[in-house]
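This report describes the strand arrangement of one protein chain and the helix associated with it. The sequence and the model are shown below.

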Amino acid sequence: MPEAGLFAWEALVVAQPKRSRWRRYKGPALAVSTVEGTVLAQVTYTDDTHSLLARASGEGIVRIAKHSAFGQLGAVRFDVTDGTGREAGTVDARGPVRTWQLRLRTARGRALLLTRSGLLSTEWQITESDPHRSPAPEVLGRVTVSTVDAWLGLQQYVVVMDPRLDTSERRTVVASVVCLHLLRRPPNSGGAPA
């Protein structure tokens, strides 16, 4: 399936794969699948700052590199590159609650925001401007998170994107959901989600 095929879907699920409570899990950190459950790609962490979105064959589709200014306290920037190493976008998280709003920049330079509806909300909206300002911008998509296994705290993100978003913009949105998960559940941490 070509890269465009993966990002041609208007709705995707990015989720932590199910695992045994009793055995050490060694599989991918996240799976990207259709809403029906067909796995399209997997995310693995190469270390605490680098992630790879790849097909089941291992062919890299997107690489994500995390950069933070002051460790856990400062702003965080994620650089997104495609399988050939070209820049595919950036994702920035700032402020005391970094999961409140992510600023996305696509490969073509389009600015998008992934903004949480409220502090306790499980939904983020994809817009071109701040949805908390007036007049409210047009919503280009939504990301809804849920817990699929309360015992292990496994997270699932349902990503619904507007047909007006092109393939490169959808690639950046899917990468931003991986970044959101990295902010909420850093690799090798047992903490509760933000």
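In this predicted model, twelve strands close into a barrel, following the order 1-2-3-4-5-6-7-8-9-10-11-12 with antiparallel pairing. Neighbouring strands of the sheet are turned against each other by 20° on average, direction ignored.

Helix 2, spanning residues 167-184, packs on this sheet. The strands touched by helix 2 include strand 1, strand 6 (76-82), strand 11 (141-149) and strand 12. The direction of helix 2 makes about 155° with that of strand 12.

The pairings that involve strand 1 and strand 2 can be set out in detail. Strand 1 (residues 11-15) runs antiparallel to strand 12 (residues 154-161), and strand 1 is also joined in antiparallel fashion to strand 2. Strand 2 in turn runs antiparallel to strand 3.

| Strand pair | Bridges | Bridge partners |
|---|---|---|
| Strand 1 and strand 12 | Five bridges | Val-14 and Tyr-157 |
| Strand 1 and strand 2 | Three bridges | Val-13 and Ser-33 |
| Strand 2 and strand 3 | Four bridges | Val-32 and Ala-41 |

In a regular strand, side chains alternate between the two faces of the sheet. Strand 2 is covered on both faces: Leu-30 and Val-32 are buried on one side, and Ala-31 and Ser-33 are buried on the other. Two of these buried residues also appear among the bridge partners, Ser-33 opposite Val-13 and Val-32 opposite Ala-41.

Strand 2 and strand 3 form a hairpin with five residues between the strands. In this hairpin, Gly-37 takes a positive phi near 110°.

Terms used. Residues numbered from 1 in each chain as written. Predicted model: local features only at pLDDT ≥ 70, side-chain atom pairs only at ≥ 80, totals over all residues. Heavy atoms only, no water. Pairing = 2+ DSSP bridges. Helix = DSSP H or I, 4+ residues; strand = E, 2+ residues; numbered from the N terminus. Axes fitted to C-alpha atoms, helices over the stretch in contact; angles between N-to-C directions. Contact = heavy atoms within 4.5 Å. Buried < 20%, exposed > 50% of the residue type's maximum accessible area, 1.4 Å probe, protein only.
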